[in-house]
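Please open the model in your viewer and keep the selection tool at hand. The stops below can be followed in order, one selection after another.

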Amino acid sequence: RPGGSHAPSGISLRSVDGGNIEGVLISNVAMHNACCPIFIRLGSRCRDHAPSAGSLKNVSISHVVALNASWTSSITGIPGYYPEGITLSDIRLVYSSGGPLGTKPGEPVPEQEKEYPTANMFGTLPAYGLYCRHVKDLALSNVQLQCAEPFVRVAPSRLRRNGYPFWQTPDGTPDAALLGDPGTALVADDIIGLDIDALHTPASTKGEPVLQFINVRDALLRSSRAPANTAIYLDIRGPQTTGIELKGSQMQHARTAVRRAPEVPRKAVRYSRP
């Protein structure tokens with residue numbers, strides 16, 4: 001049973017005081033009731049007179065199963081300092097919640113550069129499964145972002161004083177639970193070099209996109225399948241978005257395979273066969 005004011009993470013890699021993390025291999029992990037399965041953070045709190053943010057690169061996480069998770073997994077840097085060479089492969093994350101209610105759609109996620117690094121430092125994130133921002137060379141292979149039944153959210157006014165609900169309840173749902181739509185599974189924002197191979201997710205019941213790319217440059221999305229009843233599979237935004245390729249992906253269950261915002265050039269997206 002977790003305590004304190006921070007949502008605990010099953011796997012947590014953090015460099016915020018100028019330290020350098022490189023060459024990390026994590027494999028064969030099973031977890032249950034971990035609030036956040038995976039949390040990777042490069043920040044610039046810079047205590048003890050560190051002159052600048054450090055580095056976080058060449059990390060491989062594979063063969064992970066997490067059940068009854070409640071907070072979005074995240075991989076984040078800050079403007080100008082990017083985690084690099086991050087690979088997630090053969091991962092299955094099953095969420096009972098996408099975090100508390102309250103964030104308005106499209107509301108910016110705060111950078112929180114100087115804050116203590118913890119999974120709930122950003123508040124509610126726009127994806128229930130995985131949120132990535134300011135990252136270079138990110139690879140996701142055979143990643144499953146799934147939702148338990150029922151999927152719930154929690155009103156912020158009814159959270160416990162430590163900021164998150166406990167999940168070990170007799171009926172399997174957290175305190176002050178409200179049934180909710182999972183929404184978007186993965187959001188990638190300011191990513192340079194993104195490789196997604198065989199991503200598995202459910203569709204939103206309210207028509208939210210399965211994936212959202214914002215200012216993503218050079219992305220390859222292959223061997224992925226739009227789940228049944230998909231309204232929009234991929235929503236792309238941001239004037240810097242370019243080089244998005246969908247290769248060998250099955251979009252027959254999506255009413256709209258790709259929704260492109262007006263600021264995104266038409267030539268930024270292309271389709272190709274395997």
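Select R222 to begin: in this predicted model the residue has a relative accessibility of 26% and therefore counts as partly exposed. Add D195 to the selection, and you will find a salt bridge between R222 and D195, whose closest N and O atoms are 3.3 Å apart. Because R222 belongs to strand 11 (residues 217–222) and D195 to strand 9 (residues 186–200), this pair ties together parts that are 27 residues apart in sequence. D195 has a relative accessible area of 26%, so D195 is partly exposed.

Move on to R270 and E245, which form another salt bridge, with 3.1 Å between the closest N and O atoms. Here too distant parts of the chain are linked, since R270 is in strand 15 (residues 269–272) and E245 in strand 13 (residues 242–247), 25 residues apart. R270 is exposed, with a relative accessible area of 54%, whereas E245 is buried at 15%. Before leaving this topic, return to D195 and select D197 with R222, as salt bridges with shared partners join D195, D197 and R222 into one network.

Select R237 and D235 next, where the two side chains meet in a salt bridge of 2.7 Å, taken from N to O. R237 counts as partly exposed at 32% relative accessibility, while D235 is buried, with a relative accessible area of 1%. The count of salt bridges comes to seven.

Now go to R41, which lies in strand 3 (residues 36–42). What is the nearest side chain of opposite charge to R41? It is E111, 5.4 Å away, and R41, although buried, has no salt bridge. Show the contacts of R41 instead: its side chain makes a polar contact of 3.1 Å with the side chain of T76, and the side chain of R41 also reaches the backbone oxygen of E111 at 2.9 Å.

For the aromatic rings, of which two pairs are counted, select Y95 and Y128. Their ring centres are 5.9 Å apart and their planes stand at 80 degrees, so the pair is edge-to-face. Y95 is in strand 6 (residues 84–100) and Y128 in the loop between strand 6 and strand 7 (130–154), 33 residues apart, and both are buried. Add F151: the rings of Y128 and F151 have centres 5.9 Å apart and planes at 70 degrees, so this pair is edge-to-face. Ring pairs thus link Y95, Y128 and F151 into a cluster.

As a last stop, select K136 and Y82, where the charged end of K136 sits over the ring of Y82, 5.3 Å from the ring's centre.

Notes: Residues numbered from 1 in each chain as written. Heavy atoms only, no water. Helix = DSSP H or I, 4+ residues; strand = E, 2+ residues; numbered from the N terminus. Buried < 20%, exposed > 50% of the residue type's maximum accessible area, 1.4 Å probe, protein only. Lys, Arg positive; Asp, Glu negative; His and termini not counted. Salt bridge = Lys/Arg side-chain N within 4 Å of Asp/Glu carboxyl O. Polar contact = N/O pair within 3.5 Å; in protein donor to acceptor, adjacent residues only side chain to side chain. Phe/Tyr/Trp six-rings, centres within 6.5 Å; stacked < 30°, edge-to-face > 60°. Lys NZ or Arg CZ within 6 Å of the ring centre and 35° of its normal.
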